[in-house]
Amino acid sequence: MERRYPEEVTIWEVLPRDGFQVETWVETETKIKLIKALAACGIRHIEATSFVHPRAIPQLKDAEAVVKGIQSLTDVSFRALVPNLKGAERAIGVGINQIKLLLSATDSHSLANSNCTREEAVEKLLPVVELANQKNVYVGGALTVSFGCPYEGEVNEEELMKLIQQYKDMGIREISLADTAGMGNPKQVSLLLQKLKRAFPLLSFSLHLHNTRGMAFANVVAGLENGITSFDSSTAGLGGCPYFPKAAGNIATEDLVHSLHLMGIKTGIDVDRLMTVAKEVTDVVGHEGSSFLLKAGQNKDLAKKPTGQEKLG
């Protein structure tokens, strides 16, 4: 049976937030420069930062300065992750008009990530949504460890459904399912998406996939086959959750774009230019990420025909 895939997908670049939150300090001007370079590659959706308390994630303590430094990019949609009302006030105050909320699919991860239970986390988000509505700011929601928790293992789908219903009750219509620990597999992703689409036909879902066990692109394909047209990714494959050990990065944006283009799916992103930026990113942080394409070489290098001498080694 022939698989049907979308003609085009939306990619949200999360390097400036998810990628840098687990690195040593990256200078503000460098962050701004890299965001502008990513935009020049054709990336039109960027998660710029998180307005979290500086003591929690000091790598993002310059959130206001970063946002102010990229306001000239009027053709790019920016969003920011906000954990609470204070974070929302900061984000909206500096001009962010799209925010993303966060809930954990398990209490164990919620306690580690947010120092509160899921129920307590929901209560904290209610005034955030109220403020956003007052200021005409778009609100999306995310569910971390949706496909497996490093503390509890398998995630109870009924509990996941309850959290999605709570997001829906808040008026949120777009929800990102995050495989924070990279524990998901394509069959699991497919079955969960089918259940969610039946249970919540008016909601829109996206995927945020980490590549801890090398399953991220397989899970992307499972998402595509179930109608998902929006994915998060991080240039050079950087990123990870700072609150559990051995957290690996997001699927690399260049890997995702390259693979989608091979499948005939448009992204609007120039992968060769993106490769140049990805190499610069690894130079900035001082180590490789999880990008397969960076290891293999740019497209023009892959296409280069070896000479007879090169064939003989």
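Contact here means heavy atoms within 4.5 Å. The model used in these exercises is predicted.

**Exercise 1. Surroundings of V145**

Task: State where V145 is found, whether V145 is buried or exposed, and which residues it is in contact with beyond its neighbours within four places in sequence.

Solution:
1. Place V145 in the chain: it belongs to the loop that runs between β5 (138–144) and α7.
2. Take its relative accessible area, which is 0%. Buried means under 20%, so V145 is buried.
3. Leave aside the neighbours within four places in sequence; V145 then has contacts with A105, T106, H109, P150, V155, A178 and T180.
4. Consider T106 from that list. T106 and V145 are separated by 39 residues in sequence, while their C-alpha atoms are 7.5 Å apart.

**Exercise 2. The pair α7 and α8**

Task: Describe how helix α7 (residues 157–169) and helix α8 (residues 186–199) cross, and name the residues that make the contact.

Solution:
1. Two packed helices are described by the angle between their axes and the distance between the axes.
2. For α7 and α8, the axes come within 12 Å and the crossing angle is roughly 40°.
3. Angles under 35 degrees count as roughly parallel, and 65 to 115 as roughly perpendicular. The angle fits neither range, so α7 is oblique to α8.
4. The crossing of α7 past α8 is right-handed.
5. On the α7 side the contact is made by E157, L160, M161 and I164, and on the α8 side by L192, K195, L196 and A199.
6. Sorted by class, the residues of this contact are six nonpolar, two charged and no polar.

**Exercise 3. N219 in helix α9**

Task: Decide whether N219 is buried or exposed, and find which residue has its backbone oxygen 3.3 Å from a polar atom of the N219 side chain.

Solution:
1. N219 is part of helix α9 (residues 216–225).
2. Its relative accessible area is 0%, so N219 counts as buried.
3. The backbone oxygen in question belongs to G184, at 3.3 Å from a polar side-chain atom of N219.
4. Apart from neighbours within four places in sequence, the contacts of N219 are D179, G184, N185, P186, V189, L207 and L209.

**Exercise 4. Q134 in helix α6**

Task: Classify Q134 as buried or exposed, and say how many Å separate Q134 from R3, C-alpha to C-alpha.

Solution:
1. Q134 lies in helix α6, which covers residues 118–134.
2. Exposed means over 50%. The relative accessibility of Q134 is 56%, so Q134 is exposed.
3. From C-alpha to C-alpha, Q134 and R3 are 43 Å apart, and in sequence they are 131 residues apart.

Note on methods
Residues are numbered from 1 along each chain as its sequence is written. This is a predicted model: local features need pLDDT of at least 70, side-chain atom pairs count only at pLDDT 80 or more; totals for chains, interfaces and linings use all residues. Side-chain values use heavy atoms; hydrogens and water are left out. Helices (H or I, at least four residues) and strands (E, at least two) are DSSP runs, numbered from the N terminus. Buried means under 20% relative accessible area, exposed over 50%, partly exposed in between (1.4 Å probe, protein chains only). A polar contact is a pair of N or O atoms within 3.5 Å; within protein, one must be able to donate a hydrogen and the other to accept it, and residues adjacent in sequence count only if both atoms are side-chain atoms. Axes are lines fitted to C-alpha atoms, for helices over the stretch in contact, and angles run from 0 to 180 degrees between N-to-C directions. Angles under 35 degrees count as roughly parallel, over 145 as roughly antiparallel, 65 to 115 as roughly perpendicular and the rest as oblique. A crossing is left-handed if the near helix is turned anticlockwise from the far one by less than a right angle, and right-handed if clockwise. Ala, Val, Leu, Ile, Met, Phe, Trp, Tyr, Cys and Pro count as nonpolar, Asp, Glu, Lys and Arg as charged, and the others, Gly among them, as polar.
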